Amino acid sequence: MKRTDYITLLICLLAVGVALVVVRCPRTVPWEQCSEVYKKYSQMDGINAAYIKDYRINDTLTVAVTLLEATTDSGWAVLQEDFNVPVVPKEYEELFCGDSNKVSVEGVPKKVPLYFGEDTIYNDLIVTSRYRRTIAHFVITSREQKRLIINKHLDDKLKNEATR
């Protein structure tokens with residue numbers, strides 16, 4: 001082989017290597033762009049936190065969401081207290097926590113109004129799964145976002161019920 005063939009082969013291998021690195025490396029949001037919820041829980045023991053800046057709800061709508069997963073009983077206790085998730089008595093655990101498809105969707109009032117719309121300030125939403133011990137905190141800036149998120153979770157629940 002000629003020297004130019006080796007150089008061409010090396011350039012091709014380098015290009016493939018760079019493409020693999022770009023595809024395999026996670027794209028992270030800079031710390032200063034993450035939500036306050038993520039910043040609070042990402043450093044806590046017993047809780048895994050993830051922040052998704054543009055979570056796709058449908059073809060046209062994306063929202064910011066922080067996903068929190070308790071990995072220990074103490075982590076779940078912290079999340080239950082901080083997000084006002086009622087503790088289920090032992091005799092009702094199977095009813096509320098026994099099914100992986102059961103979630104609850106609730107509004108969370110914002111401490112500081114971030115959006116002044118026509119006549120209301122929109123609440124953020126949390127979606128709680130007791131079975132998985134997870135909380136998804138959606139940052140809401142419009143009534144339409146809230147409606148679409150609730151509809152998406154209801155549709156997912158109905159699809160899961162239909163496949164049983």
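User: Before we start, what does "partly exposed" mean here, and where does lysine 40 fall at 44% relative accessibility?
Analyst: Buried means under 20% relative accessible area, exposed means over 50%, and partly exposed is in between. This is a predicted model, by the way. Lysine 40 has 44% relative accessibility, so the label for lysine 40 is partly exposed.

User: How many salt bridges does the structure hold?
Analyst: Here's the general idea: side chains of opposite charge can pair when their charged atoms come close. One of the pairs here is lysine 40 with aspartate 82, with the closest N and O atoms 3.4 Å apart. That pair links distant parts of the chain, helix 2 and helix 3. The total for the structure is four.

User: Is aspartate 73 buried or exposed?
Analyst: Aspartate 73 forms a salt bridge with arginine 133, and their closest N and O atoms are 2.6 Å apart. Aspartate 73 sits in helix 3 while arginine 133 is in the loop between strand 4 and strand 5, so the pair ties together parts 60 residues apart in sequence. Arginine 133 is partly exposed at 21%. Aspartate 73, though, has a relative accessible area of 58%, and because the cut-off is over 50%, aspartate 73 counts as exposed.

User: About how many helical turns separate arginine 147 and glutamate 144?
Analyst: These two form a salt bridge, with the closest N and O atoms 2.6 Å apart. Both have 40% relative accessibility, arginine 147 and glutamate 144 alike. They are three residues apart in helix 5, so the separation is about one helical turn.

Definitions and conventions. Residues are numbered from 1 along each chain as its sequence is written. This is a predicted model: local features need pLDDT of at least 70, side-chain atom pairs count only at pLDDT 80 or more; totals for chains, interfaces and linings use all residues. Side-chain values use heavy atoms; hydrogens and water are left out. A salt bridge is a side-chain nitrogen of Lys or Arg within 4 Å of a carboxyl oxygen of Asp or Glu. Helices (H or I, at least four residues) and strands (E, at least two) are DSSP runs, numbered from the N terminus. Buried means under 20% relative accessible area, exposed over 50%, partly exposed in between (1.4 Å probe, protein chains only).
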